[in-house]
Amino acid sequence: MITRTPDTPKTVAAHVAAFDRLAASLPGTANGALTALRTRALARFTEAGLPTRRLEDWKFTGLDALTRTVFSPAPSDDMPLPDATRLDTLAPVTDAIRLVFINGRFTETLSTPLAQTGISVGPLARALDGIDADALSQGDGPAHALIALNTAFMSDGAAIDLATDTVLERPVVAINLCGGEGAAVHTRNIIRLGAHARATVIDIHAGLDGAAPAFSNAVTDVVLAEGAALWHGRIAAEDEGALHHSHASVRIGANADYSCFALSVGGALTRQETDAAFTAPGGRVRLYGAYLARGHQHMDHTTRVRHDHPDCSTDELFKGVMEDHGHGVFQGLVHVAPHAARTNANQKNTNLLLSDRAVADSKPELEILADDVKCSHGATIGDLDPDEIFYLRARGLDGDAARRLLLGGYIEDVITRVDDDALAAVLRVHAARWLGQDAS
Amino acid sequence: MANILEIKNLHATVHGKEILKGVDLVLPAGEVHAIMGPNGSGKSTLSYVLAGRDGYEVTQGEIIYKGNDLLAMEADERARAGIFLAFQYPVEIPGVANSVFLKAAVNAGRRARKEPELDAMDFLKRSRALLKDLKMDEKFLNRPVNVGFSGGEKKRNEIFHMAMMEPSLAILDETDSGLDIDALRIVAEGVNAQRAPDRSMLVITHYQRLLNYIVPDRIHVLADGRVVRSGGKELALELEREGYAGIAGDKSAA
């Protein structure tokens, strides 16, 4: 693999020009603190430039594709609206609160009427004029240019703000469709759960039929107060050729529970990041995921969990399937601070390489500075088990049927950990669709 | 009565090492034959060669199944043609529900035989009845194949699969290994319930014990890759008395 620096100056200049052109029309201009935040974020992006492979975090994933096309925030008005069937196909959930965003802008006609969603669930843009800008900066690390870019340009997204003890019975499904030549879409979701509140949020990203593939750069900020519990589904089912980056920045309060499943089944380049930190003792994080790559797809799942408090647990399982020239990346860091006693952390990554040209990079990592902890990690890269294939064939399944059943089982083995039925069902549909396309 | 299986001068190697050194065996339709022998005699190799496992290379001889050249068929073709192997070590398949796998297997066979496929209702009805006979909980249908099953549950699940698949030739590879006496009795009853004029069985076992419950029509003793003795069910008792050493040494009597 050749390491070279993307043509950052040109890309940065294009984004700066776009900002100068569009800043006045971005939502929340009445909020001075937000405008200042956007300006600072753009400056940080300008200074850092796009991440390159020289950064440890980006060793396995290059962003050259972002420099080959000049991307700027996409128009949404002239985009053809998807029909209801397409939305149902992407998110077959009855009784969901559905929020549809076309190129990063809320599309009311396709969404659940806001009169029904209650004040706690809705599009972020309408709240930006009055929002506390500090709430939008938690994910901004010093060197993460793509998050900074999102902050500068954020257009809209799902805002979920539950009061203490509120249990959202209906899952929130945010469907994000984007497309258009050179279109960049910067979605921002905010999920805040008050003490003991519970919710399921499913964030689905896909392409707009008939439009050129776009660049989707989504950031989700999650704050869980004491005893709150969130199931967070993230599905990247972008069109062929699309670029997808998503980042979830999560703060977990005392005894709170953050569970996430990140599924990648589309896009030319997909990177889903999770950055979770415990802000009090007793919290639990479960991070699961699957990445299914074929053709020349590149899929990267990068997770970081910081244990800065005692009695917290992390359980991670990510499974990759790569065929053709597919390239899968898993990077997982669990950091256990010296005083984070009785931390329990498991981290596992498995990869199936179904062709000689497929690639898997796996970097599970534990940084343990405390003594009294239980931590384990492991990674495997291999092919389907010949014993399993023979067992199925000896019962009459032909080689192709046996392989399909085993692949389905391999993925199901991680989906089955999702104890939210609606989310598990959506994940199964997307995984099955990927498997079904595998007619070669 | 026609022979379902004829094995003639079968030689087979595993990783280049010759394990079967000229096996001859004839199994008529509807009969149950036991194959006994000490460890390393080639019993499991014979079962894998019959099932068509990769890596088991036949270097000489032939196997005729229902009048056809078995060695020309792939493993899955053999299964669809009615050969069933109950594995000594059933394989765990995480993420694949037992019912999903079994229904796919049953219907692959039925399609090949040009019989109508079982729909979900028929499948469930038959499964429930057979599971009851085998004293297995219905939850075994929804659990991933063999994952978390005890040794006895795995073996019962193999017999359950066998009953659902209605094979012409069932090969039971050390089905008794790892079973306590109660589980052994349940498994044996399950097997006996499936004896039929159009179904033959090869029961491979190290111990005579199983044959108290599944009484074979004939017993063949395999030693060092050959059948060294064949006889009626009383041969099992002779083996019990004298051990394999005495029998295997007595090759002239074969």
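Good morning. I begin with a definition: the radius of gyration used here is taken over C-alpha atoms, and the globule rule sets it at 2.2 Å times the number of residues to the power 0.38. The structure before you is a predicted model, and I shall describe its two chains, the contact between them, and then some individual helices and residues.

Let me start with chain B. For its 254 residues, a compact globule would have a radius of gyration near 18 Å, and chain B has 18 Å, so the two agree. Along the principal axes, the C-alpha atoms of chain B fill a box of roughly 55 × 40 × 35 Å. The secondary structure of this chain consists of 8 helices and 12 strands. Of the 254 residues in chain B, 45% are buried. If we take the contacts in chain B with a separation of 6 or more, 71% of them are between residues 24 or more positions apart.

I turn to chain A. Here there are 9 helices and 21 strands. The globule rule gives 22 Å for 440 residues, and the radius of gyration of chain A is 21 Å, so chain A is as compact as a globular protein of that length. The C-alpha trace of chain A spans about 70 × 50 × 45 Å along its principal axes. Buried residues account for 54% of the 440 in chain A. Among the contacts of chain A between residues at least 6 apart in sequence, 83% join residues at least 24 apart.

How do the two chains meet? The contact takes 22 residues from chain A and 20 residues from chain B. On the side of chain B that touches chain A, the elements giving two or more residues are α2 (75-80), β7 (93-97) and α3 (98-112) of chain B. The largest share of that side, 5 residues, comes from α3(B). By class, the side of chain B that touches chain A has 13 nonpolar, 3 polar and 4 charged residues.

The same elements of chain B appear again when we look at helix α7 of chain A, residues 386-393. This helix is mostly covered, with 6 of its 8 residues buried. Those buried residues are A:Glu388, A:Ile389, A:Phe390, A:Tyr391, A:Leu392 and A:Arg393. What covers them includes α8 (399-415) of chain A, together with α2, β7 and α3 of chain B.

Next, helix packing within chain B, where α6(B) takes part in two of the pairs I shall describe. In the first pair, helix α4 (residues 120-133) and helix α6 (residues 151-165) of chain B pack at an angle of about 135 degrees, and their axes are 10 Å apart. The two helices are therefore oblique to each other. The crossing of α4(B) with α6(B) is right-handed. From α4(B), the contact is made by B:Arg126, B:Ser127, B:Leu130 and B:Leu131, and from α6(B) by B:Phe160, B:Ala163 and B:Met164. These residues divide into 5 nonpolar, 1 polar and 1 charged.

In the second pair, α6(B) packs with helix α7 (residues 181-192) of chain B at an angle of about 5 degrees, with axes 10 Å apart. That angle makes α6(B) roughly parallel to α7(B). Here B:Gly152, B:Lys155, B:Arg156, B:Ile159 and B:Ala163 in α6(B) meet B:Ala183, B:Ile186, B:Val187, B:Gly190 and B:Val191 in α7(B). This contact has 6 nonpolar, 2 polar and 2 charged residues. B:Ala163 thus belongs to the contact with α4(B) and also to the contact with α7(B).

I now come to individual residues. Most residues other than glycine have a negative phi. A:Asp311, which is not a glycine, has a positive phi of about 60 degrees. This residue is found in the loop between β16 (298-307) and β17 (313-322) of chain A. A:Asp311 counts as partly exposed, because it has 18 C-beta neighbours inside 10 Å. In chain B, the phi of B:His15 is also positive, near 50 degrees. B:His15 lies in the loop between β1 (3-14) and β2 (17-28) of chain B, and with 8 other C-beta atoms within 10 Å it is exposed.

Finally, is A:Gly122 buried or exposed? With 21 C-beta neighbours inside 10 Å, A:Gly122 counts as buried. It is found in strand β4 (residues 121-123) of chain A. Leaving aside neighbours within four places in sequence, A:Gly122 is in contact with A:Leu114, A:Thr117 and A:Ala159. Thank you.

Methods. Residues are numbered from 1 along each chain as its sequence is written. Chains are lettered from A and ligands numbered from 1 in the order in which they are written. This is a predicted model: local features need pLDDT of at least 70, side-chain atom pairs count only at pLDDT 80 or more; totals for chains, interfaces and linings use all residues. Axes are lines fitted to C-alpha atoms, for helices over the stretch in contact, and angles run from 0 to 180 degrees between N-to-C directions. Helices (H or I, at least four residues) and strands (E, at least two) are DSSP runs, numbered from the N terminus. Angles under 35 degrees count as roughly parallel, over 145 as roughly antiparallel, 65 to 115 as roughly perpendicular and the rest as oblique. A crossing is left-handed if the near helix is turned anticlockwise from the far one by less than a right angle, and right-handed if clockwise. Two residues are in contact if their C-beta atoms, placed from the backbone, lie within 7 Å. Ala, Val, Leu, Ile, Met, Phe, Trp, Tyr, Cys and Pro count as nonpolar, Asp, Glu, Lys and Arg as charged, and the others, Gly among them, as polar. A residue is buried if 20 or more other C-beta atoms lie within 10 Å of its own, exposed if 12 or fewer, and partly exposed in between; C-beta atoms are placed from the backbone.
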